Amino acid sequence: QSQLSQALNGLSDRAKEAKEFLVQLRNMVQQIQENSVEFEACLVAQCDALIDALNRRKAQLLSRVNKEHEHKLKVVRDQISHCTVKLRQTTGLMEYCLEVIKENDPSGFLQISDALIRRVHLTEDQWGKGTLTPRMTTDFDLNLDNAPLLQSIHQLDFVQMKVSSPVPAPPILQLEECCTHNNSATLSWKQPPLSTVQVEGYILELDDGNGGPFREVYVGKETMCTVDGLHFNSTYSARVKAFNKSGVSPYSKTLVLQTSEDTQSEEQTLPFPVPLERSQLRRMSPFSSTLNLQPSFSGRSYFELRSSAHQLSLHSSLQSLNSAGCNFETQGTPYSQLGKFDIKKMVAVAWFSFDPSSAHADIIFSNDNLTVTCNSYDDRVVLGKTGFSKGLHYWELSIDRYDNHPDPAFGVARIDVLKDAMLGKDDKAWAITEGGITKGATVGVLLDLTRRTLTFSINEDQQGPVAFENLEGLFFPAVSLNRNVQVTLHTGLPVPEFYASRSAMP
């Protein structure tokens, strides 16, 4: 019994070790599945980068083909023009000679015959060798050598990674540079200070603002990204991870961000003090690992993800960076003197400027893209940089220059509105054209997407009842103007009294 008991004890230890080993193997199964998903994402990103590079090269080669095409056409057309002129001269000379041959007066004929004979010979010599030969061939003397690239593509394969090569450490979110601005969120991160592992890129993920699943919004080498086109007054969770040839790091700590309010409320106050002036803010104490960021002012990014509807596209941006959150101190204003500000008394919910990337090429920008004019006598359209799909929004446009004709137009538009016609000429814009405005006037635009209406005012005087109703979708502030007009945009303004009092009525 004693021997059997001892043997069972040893067997029991082995069974316990086997159970622990099975747990380890099951964890490996889960890890393999996760690593497979991450590896596929990295592979897709690398292949997409190659495809993008090939598309860029294709565009460059097509540009060379187009230049060759234009050159050939120019040479042939010049030769056609030159030959046509000479043929016309030759034909005229022939017709004149035929008339001279018909001359019945011998003395008159003899007076001009020698000169005509010399002119005919001279004209014939001008049609010498090569004159009637094309100067340009119709063939394109270009041959694309794609064999090396095709060979490289066929040789594209995985390189066996060394087992000793570690995966990167989880990135650290730089909370002092993370902020929100209107419906945009700026994230910044870095590698741990003592980390020596090489990093090839980062993957930034964001949820849908309603606690839904995370999705990738950026893959690349940069360590700062601004995601634009988010919903106003929504809470988003963000996280980031690093990757190299060995694999993908664990996620960073999750950061929770709150986008700006899109409506104004008399009862709501900010949980932290904000001065009426847009002062620089600096942090007094560090954030916790999971943090709620309140609305901030403009943020800087090296890359910006702009969205319209459900599509995101990457493009460069460079803005000024002010961070915002909890426990702030303003430069020159003690914390204790600020108190809490009622939102209705504060400056503005949404700050934005005109958008050069979507404007007509004839639009001229100045004053940090807040002032626009045009170098054409025809109407040209420019949109605001921020689109609205819900909430209450008000902005004004001051008339800096106006020569009375033709009239500018003000309102809202879809992103794909016609840019070379007066605002409102198509079905993708809602605007008014006011001939009664003068230099120095102020036009107010009130977009209420809760009531789905659009209202206008001039010098704080409402222009009639509601101008447009039943508005639904994504709308951008819009203006159409020509070289006789210059306007300046003013945003972040409280709702005017005439509308605020009407909204308060039952």
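Which residues form a nonpolar patch on the surface? In this predicted model, the patch consists of Phe21, Leu22, Leu25, Met28 and Ile32, which together have about 460 Å² of accessible area. Met28, one of these residues, belongs to helix α1, which spans residues 2-101, and with a relative accessible area of 42% Met28 is partly exposed.

## Nonpolar cores

In soluble globular proteins, nonpolar side chains tend to be buried together. The largest nonpolar core of this model has 34 residues, and those with the most contacts inside it are Trp395, Leu397, Leu447 and Val487. Two or more residues of this core come from each of β16 (371-374), β18 (392-402), β19 (409-413), β20, β21 (442-448), β22 (453-458), β24 and β25 (485-490), and β18 gives the most, with 4 residues. Another core, of 20 residues, lies apart from it and has Cys225, Val227, Val240 and Ala242 among its members.

## Two open sheets

One open sheet has 7 strands in the order β15-β16-β25-β18-β21-β22-β23, with antiparallel pairing. At its edges stand β15 and β23 (461-462), each of which has a single partner strand, so that one side of each is left without a neighbour in the sheet. The pairing of β15 with β16 is antiparallel and runs over 4 bridges, and within it Ser366 has Thr371 in β16 as its bridge partner.

A further open sheet, of 4 strands, follows the order β17-β24-β19-β20 and is likewise described by antiparallel pairing. Its edge strands are β17 and β20 (429-433), each pairing on one side only, and neighbouring strands of this sheet are turned by 25° against each other on average, direction ignored. Between β17 and strand β24 (residues 476-481) the antiparallel pairing extends over 4 bridges, and here Arg380 stands opposite Leu481 in β24.

## Salt bridges

Side chains of opposite charge can pair when their charged atoms come close. The count for this model comes to 11 salt bridges, and three of them are set out below with the distance between their N and O atoms.

| Salt bridge | N to O distance |
|---|---|
| Glu99 with Lys102 | 3.8 Å |
| Lys241 with Glu205 | 3.6 Å |
| Arg380 with Asp362 | 2.8 Å |

Arg380, already met in the pairing with β24, forms a salt bridge with Asp362, the closest N and O atoms being 2.8 Å apart. This pair links distant parts of the chain, since Arg380 lies in strand β17 (residues 380-383) and Asp362 in the loop between β14 (328-330) and β15 (363-366), 18 residues apart. Are the two partners buried or exposed? Arg380 counts as buried because its relative accessibility is 11%, below the 20% limit, and Asp362, with a relative accessible area of 18%, is buried as well.

Salt bridges that share partners join Glu38, Glu205, Arg239 and Lys241 into one network. Within this network, the side chains of Lys241 and Glu205 meet at 3.6 Å, N to O, and the pair links distant parts of the chain, with Lys241 in strand β7 (residues 235-244) and Glu205 in strand β4 (residues 201-206), 36 residues apart. Both Lys241 and Glu205 are buried, whereas Glu99 and Lys102, which form a salt bridge with each other, are exposed.

Conventions. Residues numbered from 1 in each chain as written. Predicted model: local features only at pLDDT ≥ 70, side-chain atom pairs only at ≥ 80, totals over all residues. Heavy atoms only, no water. Salt bridge = Lys/Arg side-chain N within 4 Å of Asp/Glu carboxyl O. Buried < 20%, exposed > 50% of the residue type's maximum accessible area, 1.4 Å probe, protein only. Patch = residues over 30% accessible without salt bridge, like charges linked within 9 Å, V, L, I, M, F, W, Y side chains within 5 Å. Areas by Shrake-Rupley, 256 points an atom, 1.4 Å probe, with all protein chains shown as cover. Pairing = 2+ DSSP bridges. Axes fitted to C-alpha atoms, helices over the stretch in contact; angles between N-to-C directions. Core = buried A, V, L, I, M, F, W, Y, C linked by side-chain atoms within 4.5 Å.
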